[in-house]
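Here is a protein chain to look at together. Turn it around on your screen for a minute, then read on.

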Amino acid sequence: MTDPVSSSTGGMRPGTAVHTLALHLHLQHQMPLGELAPYFRALAAGRALATRCTVCGRSWFAPRLACPDHGPRTQWHELPGHGRLVAVTQTQTSLPFNDNISASHGFALVAMAGADNLCFARLAPALHAAQPGQPLWISRAAGVWPHPAQAAEFVGRAEDRVVLPLPER
Ligand SMILES: [Zn+2]
């Protein structure tokens, strides 16, 4: 085990030692999901819950709680769950709240069927060679995830899609 106590000049004038101690802190925070709770619950189940303006009929996924033209007259509705890849990037990174485990990830913009906007998506590991135009399905990712937004991933075949029942509210 290495000694957690270290000394350096710490930016002080030369010859002045600054003694530090490396601490690893773990914080627990109850994050409210607010009015977007239905969206996040659906993501954790591998489902795409969108909002639709009851006046103009436009639909958004990720959802908007208010139409830019008609205000908060929106209703929740579930999309079929498939879409097309618009743009993709590959990168080596760690996901938030994931203990800095670095891995190769594919992130994409997806045009979901039934939505008028694009959504941000994390691609399943098997899709790292995905190209624009490719069909995609939202799916529940295997494993335990610290945030429901991370529990959803996009797969390249309908038969690979994992959809769970929506939990009770
Ligand atoms: Zn509207």
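## A walk through the fold

Let's start with a sheet: five strands sit in the order β8-β7-β6-β9-β10, paired antiparallel, and the sheet is open. At its edges you'll find β8 (118-122) and β10 (152-155), each pairing on one side only. From one strand to the next, the twist averages 35 degrees. Keep in mind that you're looking at a predicted model.

What holds neighbouring strands together? Strands of a sheet pair through backbone hydrogen bonds, either parallel or antiparallel. In this sheet, β6 (residues 82-93) and β9 (residues 135-140) run antiparallel and share three bridges. On the other side of that pairing, His82 has Trp137 in β9 as its bridge partner. β9 and β10 are antiparallel too, joined by four bridges. There, Ser139 is matched with Glu153 in β10.

Now for the other sheet. Three strands make an open, antiparallel sheet with the order β4-β3-β5. β4 and β5 are at the edges with a single partner strand each, so one side of each has no neighbour in the sheet. Five bridges link β3 and β5, which are antiparallel, and Leu49 has Glu78 in β5 as its bridge partner.

Here are some of the pairings side by side:

| Strand pair | Sense | Number of bridges |
|---|---|---|
| β6 and β9 | antiparallel | three bridges |
| β9 and β10 | antiparallel | four bridges |
| β3 and β5 | antiparallel | five bridges |

**The whole chain**

Zoom out and count: the chain has one helix and 10 strands. Read from the N terminus, the elements go β-β-α-β-β-β-β-β-β-β-β. The radius of gyration is 21 Å, well over the 15 Å that the globule rule gives for 169 residues, so the chain is more spread out than a compact globule. Its C-alpha trace spans about 70 × 40 × 30 Å along the principal axes. Of the 169 residues, 23% are buried. And if you take contacts between residues at least 6 apart in sequence, 50% of them join residues at least 24 apart.

**The helix**

Which residues of α1 are buried? They are Tyr39, Ala42 and Leu43. Looking down the axis of α1, you'd see these buried residues fall within an arc of 100 degrees, so they line one face of the helix. This fits a handy rule: an α-helix has 3.6 residues a turn, so residues three or four places apart point the same way. The cover over the buried residues of α1 includes β3 and β10. Just after α1 comes Gly46, with a positive phi of about 75 degrees.

**The core**

In soluble globular proteins, nonpolar side chains tend to be buried together. Here, the largest nonpolar core has 26 residues, and the ones touching the most other members are Ala48, Phe61, Val110, Met112 and Phe154. At least two residues of this core come from each of α1 (37-44), β3 (49-53), β7 (103-112), β8, β9 and β10.

Take Met112 as an example. Beyond its neighbours within four places in sequence, Met112 is in contact with Ala48, Phe61, Leu79, Gly83 and Cys119. Phe154 belongs to β10, a strand that is covered on both faces: Ala152 and Phe154 are buried on one side, and Glu153 and Val155 are buried on the other.

Phe61 has something else to show you. Its peptide bond to Ala62 is cis, with omega near 10 degrees. Most residues other than glycine have a negative phi, and most peptide bonds are trans. Ala62 is in the loop between β4 (59-60) and β5 (74-78).

**Two residues in β6**

Finally, compare a pair from one strand: Leu85 is found in β6, and so is Val86. Is Leu85 buried or exposed? With 22 C-beta neighbours inside 10 Å, Leu85 counts as buried. Val86, on the other hand, has 15 other C-beta atoms within 10 Å and is partly exposed.

Leaving out neighbours within four places in sequence, the contacts of Leu85 include Ala108, Val110, Ala130 and Leu136. By the same count, Val86 is in contact with residues including Leu109, Val110 and Pro132. Sequence distance can fool you here: Val86 and Gly133 are 47 residues apart along the chain, with their C-alpha atoms separated by 6.2 Å. Leu85 and Ala130 are 45 residues apart along the chain, and 8.0 Å separates their C-alpha atoms.

How values were computed. Residues numbered from 1 in each chain as written. Predicted model: local features only at pLDDT ≥ 70, side-chain atom pairs only at ≥ 80, totals over all residues. Rg over C-alpha atoms; globule rule 2.2 N^0.38 Å. Buried ≥ 20, exposed ≤ 12 C-beta atoms within 10 Å, placed from the backbone. Contact = placed C-beta atoms within 7 Å. Pairing = 2+ DSSP bridges. Axes fitted to C-alpha atoms, helices over the stretch in contact; angles between N-to-C directions. Core = buried A, V, L, I, M, F, W, Y, C linked by C-beta atoms within 7 Å. Arc of directions from axis to C-beta.
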